[in-house]
Structures are given as C-alpha cells and as structure tokens.
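Here is a walk through one protein model. Keep the sequence and the 3D view side by side as you read.

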Amino acid sequence: MLKRIKRILIANRGEIAIRAIRSIRELGGESVAVYSEADKDCIHKDLADISVCIGPANATKSYLNIPALLSAIDLTHADAVYPGYGFLAENPTFAAICERSNIKFIGPSSETIKLTGDKAQAREAAKKAGVPIIPGSPPVEELKEALEISSEIGYPVLIKAAAGGGGRGMRVAHNEQELARLLPLAQREAESSFGDRRVYIEKFIENPKHIEIQILADEFGNVIHLGERECSVQRRHQKLIEESPSPFIDDKIRKEMGEAAVKFAKAVNFTGAGTVEFIVDKNKNFYFIEMNGRIQVEHPVTEMVTGVDIVSWQLKIADGQKLTLRQEEIKPNGHAIEFRINAEDPISFVPQPGKIEKLYLPGGYGVRVDTHIYQGYTIPPYYDSLMAKLIVWGKSREEAIERGKRALKEFIIEGLKTTIPFHLKMLEHPEFIKGTYTTSLVDKEFLGIKV
C-alpha cells in the first residue's frame, strides 16, 4: 500500500493511463485523469477518481502543456504525477518543475533524465561504467569532422540525433557521398523533432538483434533486473512485437547483459522502472544503445514471465519504499509475446483513425489484453495509433506462438484497418519461428507485401 503519496495525477491518456489507475487503486491511492477535448469519450477519464480537461486536441496544448498540467495538479491537490510513456515521460524540465514544486515525479530525477536522454552523454556514462558501447563519436557539427570519424570507424556508419529516439534524426551512410548528403538531413530532422540539432556518428551494426533489460531501482541503492525482452520486430525503428525471453541469446549472455544493465543504472543514479537497451550482433556481442527512464509499452511481457507487477513497483519506489525483491528470486517462467494492435493499414502502416463499429476481445488461459478501446469508440487522428496490446503466455515459445495465433484470430475489430493481419503473417514467417529474425526483417520483407 502507498504510505506517503495519496493522490496521483496521470499525465497521459488511453491504455497506459488505465494501467496506472488500476495499480493506484490497488495500492489504496486516488487517481486523477487528464484529457484533451478530443479525448472526452476516452474511457480513462471515467475510470479515474477525478478527471480534468486540460485543453484542445493538439498535444502541445494539452498533454504536452506543462502549465495546464500544473494547474490540474493544483486544482485537484495531487501530490504526485505519473507520466507513463511518451509525451512528458522523459522531459527533464517537467520533472525539475515537479521537484521544485514538491510534487513527486514518478520516475528518475530530472538530472538522471537529462543525462540518459542525451544519447551522447549516456554513451559516455556507459563507457565509464565499463558497459560495452558501439565504436562512435561525441556530437559532431561539421562534415569534415564526420568524415574523419567515419573513416576511422569504417563504413557503414549510423548518424544519430544526440537528443533523439524513435528513429527520428537517424540515417545510415555506406560511403562518404552518402554521409555528405545525409548529415544535414539528420541534423535538420533532429532539430525539428527535439529542438537540438546535435548528432553523433557510430558504427552501424548490420542486421542486429534489439534486446532490452528491464530495471527496477529504489532510492536506497538497490537495483535489480527482470531479464530481457527481444524487440527486433520493428518497422523503421518502431517496435511491433516483443517477447521474453529472447530466443537468440543464451544464459551466459543473458547474465552478462543483466549485470551490464544494473551497472549502468547505478552509474547514472537511476531510480524507478527503466529499460537499458542493447543491440546484439550475429556473434552475440552486445552493445549499449540507450536507457529509457520510464515504463515501456512492452512491459507486460516481463510481468507475464516474472510475476512482478512493474507499475506497482514504480509507485511504491516513488512512495519511498524499499525494493524487497532480490535478484536471485527473479526466475522467468515460460514465454510471453506482445503484439501491438495499431489502427494502421497492415501493408503500408499508414494510420487509420475512425470509429470502431464492432469489437470482440480475445480471452482464455494465458491471454491478456491491455486497452482503452470499446465498441463505438472513435480513434482520434491526433495521437499514437496504438489501440491495444495483446499479450500471450505459454509454457514454451512454441505454445506461446500457437496461443498468439488463436488469440489474434479471435480479436475482432471492425470499422477500421488494424495490424492484426500483419501479426498473423509474421507468426508464420520462418525467421520468426526459428527466432533468428533481426531488426531488418519487416522493412526488408513486409513493407508493401500483401498480408
């Protein structure tokens, strides 16, 4: 139960807001939902104890509007804020304002967010902590400097936004001519997306695996990891399917990656629930990419195999409670897979907002659906297209795949296009079945392919 925090404002919407409301209620707290005018029919506002409209549909005037959120906190006398993922979840300015205003920001400190959110600084922190990093550079400004560094590292190289994420401000250059052409494009995209034009260069690992480690850390210096999630089914750096454990790595690498993630979390004084992300090459060498200091969309796969309620632990850690879980107690059981059910065309992945005319959610043993949608609900065009997360569990990976097929076929959404047909197609792909798929699979074989 919560001891210090009594009322928590959820600075988010949809599925993750509902997830937070449930954990807050189970721990004896009160929840405050905020919503934009476009979300007046979103169910999270009705499930919370209190709800407040914070502005028009445009996210910059509502969910990203810090003064509006602070006014809502003041109006409802909330003593903490839960940011979820996206929006202001990793905004150091918002976290710092909360700290100065004596409002508990449920996440790491503003200084840690600032450090881990700057990929160049995070790389340096990983290097100092002895965590493997990809050969690369500090931020570069001029083409001459970028050319010199790339020549030393060896092509192909990856241009990455220092303050970036989600694939924005990222370009692959295979030679000097491509670097000269792509560097200014990456800089402009980084500036428009993050207000920071800085980019850095690193060695491009071709066809890697994307594997992340879930971390929990309290305010007393206790840090544990909850194993890994395989996130290599991606479209243009956006995750589509996640699973745990990874079918690719062995116990030796699993142990080394977990220890490296804990080491990095301690080095940056991390507290709360976060994820340390790595890429793994074909020889099972792993390299630090970044740390996300927030809950991840895919956290349920870890909950399903470990039995650990990650969101509740986020809240308890923010409440000043000590982490009572010990590393030796974390023993993953079975296999879990998460499918992101997006309101998107399954071939082009173009968003498909619209009204849900008919809805049936799958169920049965080993099936979980986290969602905010309902029959008659209209998916607005203003926000992320995620409608639901289907998570399946099995005693083995093979059982989880078969359960996933069954549940996806049971999942009925009519009135708009969804990614369900894509997921069914992916579960039949030989590389997915074998577990040998890499981050290039979707872009290489599925874009524009009839499903």
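Start at Leu 182 in helix H8, where the helix has a kink of about 30°. The proline Pro 184 comes shortly after this kink. Bear in mind that the whole model is predicted.

Now take in the helix from end to end. H8 runs over residues 176-194, which makes 19 residues. At 1.5 Å a residue, H8 should span 27 Å. Its end C-alpha atoms lie 26 Å apart, so the length agrees with what is expected.

Look next at the two ends. At the N-terminal end, Asn 175 acts as a cap. A side-chain oxygen of Asn 175 lies 3.2 Å from the backbone nitrogen of Gln 177. After H8 comes Gly 195. The phi of Gly 195 is positive, near 70°.

Which residues of H8 are buried? They are Leu 179, Leu 182, Leu 183, Ala 186, Gln 187 and Ala 190. Leu 182, the site of the kink, is thus on this list. The spacing follows a general pattern. An α-helix has 3.6 residues a turn, so residues three or four places apart point the same way. What covers the buried residues of H8 includes helix H7 (143-153) and the strands E6 (157-161), E7 (171-173) and E8 (199-203).

Move on to the second largest pocket. Its volume is about 250 Å³. Strand E10 (223-235) and helix H9 (251-267) each supply at least two residues of its lining. The largest share, 4 residues, comes from H9. Among the lining residues are His 225, Glu 228, Asp 251, Arg 254, Gln 327 and Pro 332.

Definitions and conventions: Residues numbered from 1 in each chain as written. Predicted model: local features only at pLDDT ≥ 70, side-chain atom pairs only at ≥ 80, totals over all residues. Heavy atoms only, no water. Expected span 1.5 Å × (residues − 1). Bend = angle between axes of the 7 residues up to and from the residue. Buried < 20%, exposed > 50% of the residue type's maximum accessible area, 1.4 Å probe, protein only. Contact = heavy atoms within 4.5 Å. Polar contact = N/O pair within 3.5 Å; in protein donor to acceptor, adjacent residues only side chain to side chain. 1 Å grid on protein atoms, 1.4 Å probe; cavity = no way out; pocket = protein on both sides within 12 Å on 5 of 7 lines; lining within 4 Å. Points joined across faces, edges and corners; volume = space filled by probe spheres on them.
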